[in-house]
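Reader: Could you walk me through the inside of this protein, starting with the core and then going on to the pockets?

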Amino acid sequence: MRIANLNGRLVLLADDGAIDIEAASSGRFSSDPSAIYDRWEEFTAWTAGTPRLPDPAPFSPADLRAPAPAPRQVFAIGLNYHDHAAESGLAPPEQPVVFTKFPTCITGPYGDVVLPPGGHTDWEVELVAVIGRTARQVAEADAWDHVAGLTAGQDLSERRTQLAGPAPQFSLGKSLPGFGPTGPCVVTVDEFDDPDDVALGCRVGAELVQRARTGDMIFSIPRLVAHLSALLPLLPGDLVFTGTPAGVGLGRTPQRWLAPSDELVTYVETIGEMRHRLIAPPG
């Protein structure tokens, strides 16, 4: 099942079209894309038990928005691939390295992202887990039962702000407006051949700058859900950015940053791709 946000309305994507959920359910479920995660089990039972949904209607992919647009919490994991830890000059962590992205940075799968003045803005392709059931002290073996689905993400990072001393400012440097693209849809776990081993990557223009598989992650999604939920509750609609592989601009020689007019293309196997154009700051 593929859930999306079409111009602010909750839809189910099928056969290259979209089914409006509020209309198809005769108002049982709201059109609000963020509300469905609090009723995820009820919703999935309804979709499984409905013998025939309306025919999908054509739509423009440019009208897709963030599929989980109002998370109460956004977690992000650093150094979660061995090759990215190596390019950062750091040893692989023994426990997940956790920071936050503020929810106001979340944006959709297409459109423009304004670069900050004089910045060093970097790309980081990531697989993002969307929580579909409150998770508190969940065992690793049960973690997938608490995940609504997976989506693509970019953990865009303003490196000057992120690394400004005397202590790093990870959450600030990674939470500027538009610095949390997600989409184009949330795909339920059953749609993946192996949700623990998914191909992902990104391009800047025509250049492929990152390519990996999530099977290379140090800490799997079930491990991350277990680790985080041991400390605090994960809530329906929350996002977990699971880390980026090698190939970021910070780790290159010479270092490379996103520039005005660059197109950033992000892809995740089974989910699809996102496209963003970087534009100069006003003034």
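Author: What follows covers the core and then the second largest pocket. This is a predicted model, in which local features need pLDDT of at least 70 and side-chain atom pairs count only at pLDDT 80 or more, while totals for chains, interfaces and linings use all residues. Residues are numbered from 1 along each chain as its sequence is written, and side-chain values use heavy atoms, with hydrogens and water left out.

Reader: Which residues touch the most other members of the largest nonpolar core?

Author: Ile 3, Tyr 37, Phe 43 and Ile 271 do, out of 74 residues in that core. A nonpolar core here is a set of buried Ala, Val, Leu, Ile, Met, Phe, Trp, Tyr and Cys residues joined through side-chain atoms within 4.5 Å, where buried means under 20% relative accessible area with a 1.4 Å probe, protein chains only.

Reader: And what does Ile 3 contact?

Author: Leaving aside neighbours within four places in sequence, Ile 3 is in contact (heavy atoms within 4.5 Å) with Leu 10, Val 11, Leu 12, Tyr 37, Trp 40, Phe 43, Pro 67, Cys 185 and Val 186.

Reader: Switching to pockets, which residues line the second largest one?

Author: The lining consists of Arg 2, Leu 13, Asp 16, Phe 59, Pro 61, Leu 64, Tyr 110, Pro 184, Cys 185, Ile 271 and Gly 272. A pocket is an open set of points on a 1 Å grid over the protein atoms alone, where a 1.4 Å probe fits, with protein on both sides within 12 Å along at least five of seven lines, and lining residues have an atom within 4 Å of a point.

Reader: How do those residues divide?

Author: They divide into 8 nonpolar, 1 polar and 2 charged.

Reader: Why does that pocket lie between the domains?

Author: Because domain 1 (2-64) and domain 2 (66-279) both give residues to its lining, with the bounds taken from an automatic or database domain assignment.

Definitions and conventions:
Buried < 20%, exposed > 50% of the residue type's maximum accessible area, 1.4 Å probe, protein only. Nonpolar A, V, L, I, M, F, W, Y, C, P; charged D, E, K, R; others polar.
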